[in-house]
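Q: Please take a close look at a single part of this structure. I am new to it, so give the cut-offs as you go.

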Amino acid sequence: MNSANSVVDRFVNISDYLRSSEFEKNPTANIFNPLRKVSSEPAENNYLPLSHELKFEITQYLNLKDFVAFSSINVDNYLSLRSDDLLVKRVLKNEPKVRMIERLEDLNQKAQQYSFDINAKIKADEYFNAIIPPMAISPGPARLILNSNLRSYKYRSFDFVQLFQHLCMLAKDDSTDIFFRAHICSLAIDINNKMCSKDGEYATTYALYFLHIASQVKLLIKIEDKANKVALLANMIENNEIDLGRLRQAYFNQVLINGNEFNWDTFINGLRIG
C-alpha cells in the first residue's frame, strides 16, 4: 500500500477512520486506493494481514472490479477473501450501489463545470433546437444518450437539457441523503438511456417526469421504503406500463406535494395504462 495516500495505513483501525473528519468529508472514498501494482507472483512485502472484522468493512466499499484487484494483492488475501462466500455475495450486492455513487460523483463534477440558471430560458439554435451541453453527452458514468433521429426532435432536445440541469441540481443537493440522491439520479439516467436505446420517442420526457416525481417523494415524511417505491415506478416506466399523459399530469400538478391524503398505491395505480 502507499502509506502517503492509503487511508488504511494512516489509521489504527477502521473505527478510528469512521469517526474521523476525513470520513465525514468524503464517506464514499475508496479507502484502499491506490493499490500497489502486483505481478502474478507477488513480492513478500505485498502481504497485508487482515482481521475478519476488517475484511467485512472492506467489502462495503468495493465493487467487483476493485474487489478482484484488492484480493489479488497476495496469495493469502486471494484465498481468504475470494474463497469466503459471504464476502463475495456482499461485494456482488454492492455493485449497483457503487455504480450509483460513481454516477453521482460524475454528475457533481459536471455540475461544477456547467453554469446555468434553472429558471432561465433554454438556449436554442437557429432551428429552435435546444443547444445540448457537451458535458451531458460526454463519456462518464452519468453520460446521457440523446436520440436525435426522432420526430419533434426540438421538443425532445428541450426536455433533454432540462433533464441534465435537474440531475445536476439534485446531485448538488446536500440536504438529501447521498445514497437516495444517487439512487434517484441513476434511475432517471437508466430510464433515459435504456428507452432511448430502444428508439423510445418519449424516453427523455419520461425520465424528466420521473426525476421530478421522485424528488417529491423524498420530501414526503409519511412515505416509507422510498428507495423501493421510486425503483418500482422506474421499472414500470421502462416496461411501458405507465400512461404518459397521466404521468405528465402528476408532473405539472405536483400531486404528491399538494395531496392532503396522499396514498402511494392509489397514485401508482392511477398512472397505469388502461
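A: Here is a close look at the last helix, with its surroundings after that.

This is a predicted model: local features need pLDDT of at least 70, side-chain atom pairs count only at pLDDT 80 or more, and totals for chains, interfaces and linings use all residues. Residues are numbered from 1 along each chain as its sequence is written, and side-chain values use heavy atoms, with hydrogens and water left out.

The protein chain has 14 helices and 0 strands. Helices (H or I, at least four residues) and strands (E, at least two) are DSSP runs, numbered from the N terminus.

Helix H14 covers residues 264–271. Its buried residues are Trp264, Phe267, Ile268 and Leu271. Seen down the axis of H14, they fall within an arc of 95 degrees, so they line one face of the helix. The arc is that of the directions from the helix axis to the C-beta atoms. An α-helix has 3.6 residues a turn, so residues three or four places apart point the same way. On the other side of H14, Asp265 and Thr266 are exposed. Buried means under 20% relative accessible area, exposed over 50%, and partly exposed in between (1.4 Å probe, protein chains only).

The N-terminal end of H14 has a cap, Asn263. One of its side-chain oxygens lies 3.1 Å from the backbone nitrogen of Asp265.

H14 also gives two or more residues to the largest nonpolar core. Such a core is a set of buried Ala, Val, Leu, Ile, Met, Phe, Trp, Tyr and Cys residues joined through side-chain atoms within 4.5 Å. This one holds 57 residues. Leu167, Ile191, Phe210, Leu233, Ile237 and Leu247 touch the most other members.

Take Ile191. Leaving aside neighbours within four places in sequence, Ile191 is in contact (heavy atoms within 4.5 Å) with residues including Ala203, Tyr206, Phe210 and Ile237.

Helix H10 (residues 203–217) is another element that gives two or more residues to this core. 14 of the 15 residues of H10 are buried, so H10 is largely enclosed by the rest of the structure. Its expected span is 1.5 Å times one less than its number of residues. That gives 21 Å, and its end C-alpha atoms are 21 Å apart, which agrees.

Now the cysteines. A disulfide is a pair of cysteine sulfur atoms within 2.5 Å, and the count comes to 0. The sulfur of Cys185 is 8.9 Å from the closest cysteine sulfur, in Cys168, too far for a bond. Cys185 is buried, with a relative accessible area of 1%.

Key
Polar contact = N/O pair within 3.5 Å; in protein donor to acceptor, adjacent residues only side chain to side chain.
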